[in-house]
Structures are given as C-alpha cells and as structure tokens.
Amino acid sequence: MLQQVGPHGGGASKARSVPHIGSKRQGEASAGRWQPSLRDDEQATLEAVNFRGARGATPLMLAAYYGFANCCKMLIANRADVNATTERGCCALLLAAEEGHATVVQALLELGCDVNLATLRQSTPLHGAARYGHDTIVSLLLDSKADVER
C-alpha cells in the first residue's frame, strides 16, 4: 500500500513510495525485493540465541538464572551454546544451581551441559549449589558425575 504524501504531509493527489534500498543478497527476487532465505533465518536465530549482553551473559544464562526451564529448552533446541561462559567463567548451569532452580538444572543436565565447568576462580555448579544449601541440586549434580575433588 502506498502512502499519500502531499507538500505538507497530508493527503495529496500523487502517491510516492520509498524505493527499495539494500544490498543484493542471496535469495533476492527478480522484482528487486529482498526475501529472506531459510539460511538467513537460521543464521539470525543462531546469532540471537547466542547473543552476548553485559559481561558476556547469554539469553540461556538469563533464563537459567530466573528459573525459566521451558525457555532454556527452547533456546537449546535453537542451538544455544549450553557451555557458554561470561567474562568471569559463569555458565547457565552454575547460575541455575546457585539460585536453586532444580527443574532448570535437570533440564540443562539432560541437554548436555558440562557438569564440571568451572569459573575463573574454579567454582563449579556443585560448589554453588552446596554454598547456598540446595541439597536437591547437589544430588542432581552428583548423580550426573560432578567432580567432588575440584
């Protein structure tokens, strides 16, 4: 639909449209309009789920921290890096363990998180769960072969 533009922005007798401005991309239609290909959508999804925010936090880390198990599963299904770490080495599993989110910890373990991934100060998810008294999570981590010697 074309917007009617007059000399003062109101209704006018002639219609103008803004020409398509952009680089030629793979999947560009012959009519000159860019149409995203499946490859572009996959790349955009991969970039979005692994986006790094403040101090290197990813959407998966935030979902784990706040206890959103279904969100974690959705992000991982869309290829979020389950073992990504922040600038200080924190990972999604450590954040969920420290915050006491057993359902998130269980989901992350089932979806392939490294149970022994340590921060720069060598703190592991097992250390975090034990430090804050989350016995259920300690049991989950031990059942998943968390290293007690670290």
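This report walks through the fold, one buried loop residue, the last helix and a small group of aromatic rings.

**Overall layout**

What we have here is a predicted model. The protein chain holds seven helices and two strands, and reading along the sequence gives the pattern β-β-α-α-α-α-α-α-α. Of its 150 residues, 32% are buried. Take the contacts between residues at least 6 apart in sequence: 56% of them join residues at least 24 apart. As for the outside, the accessible surface is about 9900 Å², and carbon and sulfur atoms account for 52% of that.

**T58, a loop residue**

T58 sits in the loop between α1 (38-49) and α2 (59-66). Is T58 buried or exposed? Its relative accessible area is just 3%, so T58 counts as buried, given that the cut-off is under 20%. Leaving aside residues up to four places away in sequence, T58 touches N50, F51, R52 and A84. A84 is 26 residues away from T58 along the chain, yet their C-alpha atoms are separated by 7.8 Å.

**Helix α7**

Now for α7, which spans residues 135-143 and has I137, V138, L140 and L141 as its buried residues. Looking down the axis of α7, you find these buried residues within an arc of 160°, so they line one face of the helix. That spacing fits a general rule: an α-helix has 3.6 residues a turn, so residues three or four places apart point the same way. On the other side of α7, D135, T136 and D143 are exposed. And what covers the buried residues of α7? The cover includes α4 (92-99), α5 (102-110) and α6 (125-131). Just after α7, K145 takes a positive phi of about 70°.

**The aromatic cluster**

The model has two aromatic pairs. One of them is Y65 with Y66, an edge-to-face pair with 4.9 Å from centre to centre and 90° between the planes. In the pair Y66 and F68, the ring centres are 6.4 Å apart and the planes meet at 25°, so this pair is stacked, as planes under 30 degrees apart count as such. Together, Y65, Y66 and F68 form one aromatic cluster.

How accessible are the three residues of this cluster? The table sets out the values.

| Residue | Relative accessibility | Class |
|---|---|---|
| Y65 | 33% | partly exposed |
| Y66 | 53% | exposed |
| F68 | 47% | partly exposed |

Y66 counts as exposed because its 53% is over the 50% cut-off, while F68, at 47%, counts as partly exposed.

Methods:
Residues numbered from 1 in each chain as written. Predicted model: local features only at pLDDT ≥ 70, side-chain atom pairs only at ≥ 80, totals over all residues. Heavy atoms only, no water. Helix = DSSP H or I, 4+ residues; strand = E, 2+ residues; numbered from the N terminus. Buried < 20%, exposed > 50% of the residue type's maximum accessible area, 1.4 Å probe, protein only. Contact = heavy atoms within 4.5 Å. Areas by Shrake-Rupley, 256 points an atom, 1.4 Å probe, with all protein chains shown as cover. Arc of directions from axis to C-beta. Phe/Tyr/Trp six-rings, centres within 6.5 Å; stacked < 30°, edge-to-face > 60°.
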